[in-house]
Amino acid sequence: MKIALTFNQRSIHPYWGNGEAEKVIEFDLPETIFGIKSALEKDGHKVRLVEANKEAYLKLKKLKKEIDLVFNVAEGMHGEDREAQIPAMLEMLQIPYTGSGPLALALTLDKSRAKEILKLHKIPTANFFSVAQDEDLPAVTLDFPLIVKPNSEGSSKGIKNSAVVKSILELKEKIKEIHKKYHQKALVEEFLPGREFTVGILGNNPPQVLPIVEVDFSNVPSGFHKIDSYETKWLFEDKLECPAKICHSLRQKIEEISLKTFLVLGCRDLARIDIRLDKNGCPHILEVNALPGLIPDPKQHSRFPAAAFACGYAYEKLINKIVAAACQRYGLKLREEKKMVQRPVFVAKDKILQTVKLKTQTAK
């Protein structure tokens, strides 16, 4: 196939303390962009690179007759709906693409709206409220400690160690800081003290729940909260345990709510869902990343690829399974894929979660 790879490239290292790194922390480094390109080319595809800047629409319009599909990892440039920008352009141009559509991408980036939908569907997520700029703090009925985040950011942007607050005074100061620095709503949630996991979901028919990843905070220095904060993710060497060492009952609960979240929010092809346990050990959805990181180097602890590696997929296989999932949705033909044995997965059928037996499938 002829594939265009849409992306936003980061040129600033996340460890640099000049204040500029956080602005582009969601963008991909060249190693990831060319890792995806190489994976596609190894499967026989011809790849064109398209940076998702202000000229992207005209570039894509010009390429429309020359490409079959867009592999999209673009985070978008500006605004609270930025992840939806490239998919919206592709919808207008009627170009097939990988991943979720504009609505799902905008919704999953808006944490408070996504949580409202989860609550509506009785999917467990921490109790919360949001505070817009120039809006007074409502009466606080949640139990301290609380955690305060920018409402529409990713990659732990804006979630520092100080995000966990234990008093009204600290809460007010943190909300004020988020309004001033990020110019968006502040999301306030009850802090969940338990273990933290992340769940990758791949494909559509049926969607496959990849092995569960546990985020291990044992390397986090004393004085820092055991949360997936900006410091933890980018300054300390967090560790991942995959598959997570958990009992069957907890694994089943995590897989079920992850898959239900994927379906309810309208995600497709791939997504990563972050989960944390409450004080009673019950899993709650933290947030959903419909554009999960796809860093090829296993040493970089990229959560979605780590889950795929644990499932037995090489990086090239993962990237091309994403392509296959998109092609299946659009009815595009791919060359025959070799038979592969997979672990049992959860699938959705008539909105009822069922366990399916291990099968050997041939994707055509």
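How do strand 4 and strand 7 pair, and over how many bridges? Strand 4 (residues 128-131) pairs with strand 7 in the antiparallel sense, over four bridges. Keep in mind that we're looking at a predicted model here.

**Strand 7 and its partners**

Strand 4 has company in pairing with strand 7: strand 5 (residues 146-150) also runs antiparallel to strand 7, joined to it by five bridges. To find your way around, start at Val188 of strand 7, which sits opposite Phe129. Then go to Ala186 of strand 7, where the residue standing opposite is Pro150.

Strand 7 itself (residues 186-190) is mostly covered, with five of its five residues buried. That goes for both faces: Ala186, Val188 and Glu190 are buried on one side, while Leu187 and Glu189 are buried on the other. So much for strand 7; here are its pairings next to one from another part of the chain.

| Strand pair | Sense | Bridges |
|---|---|---|
| Strand 4 and strand 7 | antiparallel | four bridges |
| Strand 5 and strand 7 | antiparallel | five bridges |
| Strand 1 and strand 2 | parallel | six bridges |

**The three-stranded sheet**

The last row of the table takes us to an open sheet of three strands, ordered 2-1-3 and paired in parallel. Strand 2 (46-51) and strand 3 are the edge strands; each has a single partner, so one side of each has no neighbour in the sheet. Going from one strand to the next, the twist averages 30 degrees. For a handy landmark in this sheet, look at Thr6, which stands opposite Val50 in strand 2.

Helix 1 lies across strand 1, strand 2 and strand 3, and runs at about 155 degrees to strand 2.

**Helix 1 against helix 10**

Helix 1 (residues 30-42) also meets helix 10 (residues 315-330): their axes come within 9 Å and cross at roughly 75 degrees. The two helices are therefore roughly perpendicular to each other. On the helix 1 side, the contact is made by Thr32, Gly35, Ile36, Ala39, Leu40 and Lys42, and on the helix 10 side by Tyr315, Glu316, Ile319, Asn320 and Val323. Sort the residues of this contact by type and you get six nonpolar, three polar and two charged.

Thr32 deserves a closer look. This residue of helix 1 counts as buried because its relative accessibility is 4%, under the 20% cut-off. Leaving out residues up to four places away in sequence, Thr32 touches Leu294, Ile295, Pro296 and Tyr315.

**Helix 3**

Which residues of helix 3 (residues 85-93) are buried? They are Ile86, Pro87, Leu90 and Leu93. These residues span an arc of only 125 degrees around the axis, which puts them on the same side of helix 3. The general rule behind such a pattern is that an α-helix has 3.6 residues a turn, so residues three or four places apart point the same way.

The buried residues of helix 3 pack against a mix of elements: strand 1 (2-7), helix 2 (56-63), strand 3 (69-72) and helix 4 (102-109). Just after helix 3 comes Gln94, with a positive phi near 60 degrees.

**The chain as a whole**

Stepping back, the chain has 10 helices and 17 strands. It runs to 364 residues, and 52% of them count as buried. As for contacts with a separation of 6 or more, 68% of those in the chain are between residues 24 or more positions apart.

Key
Residues numbered from 1 in each chain as written. Predicted model: local features only at pLDDT ≥ 70, side-chain atom pairs only at ≥ 80, totals over all residues. Heavy atoms only, no water. Axes fitted to C-alpha atoms, helices over the stretch in contact; angles between N-to-C directions. Parallel < 35°, antiparallel > 145°, perpendicular 65-115°, else oblique. Contact = heavy atoms within 4.5 Å. Nonpolar A, V, L, I, M, F, W, Y, C, P; charged D, E, K, R; others polar. Buried < 20%, exposed > 50% of the residue type's maximum accessible area, 1.4 Å probe, protein only. Arc of directions from axis to C-beta. Pairing = 2+ DSSP bridges.
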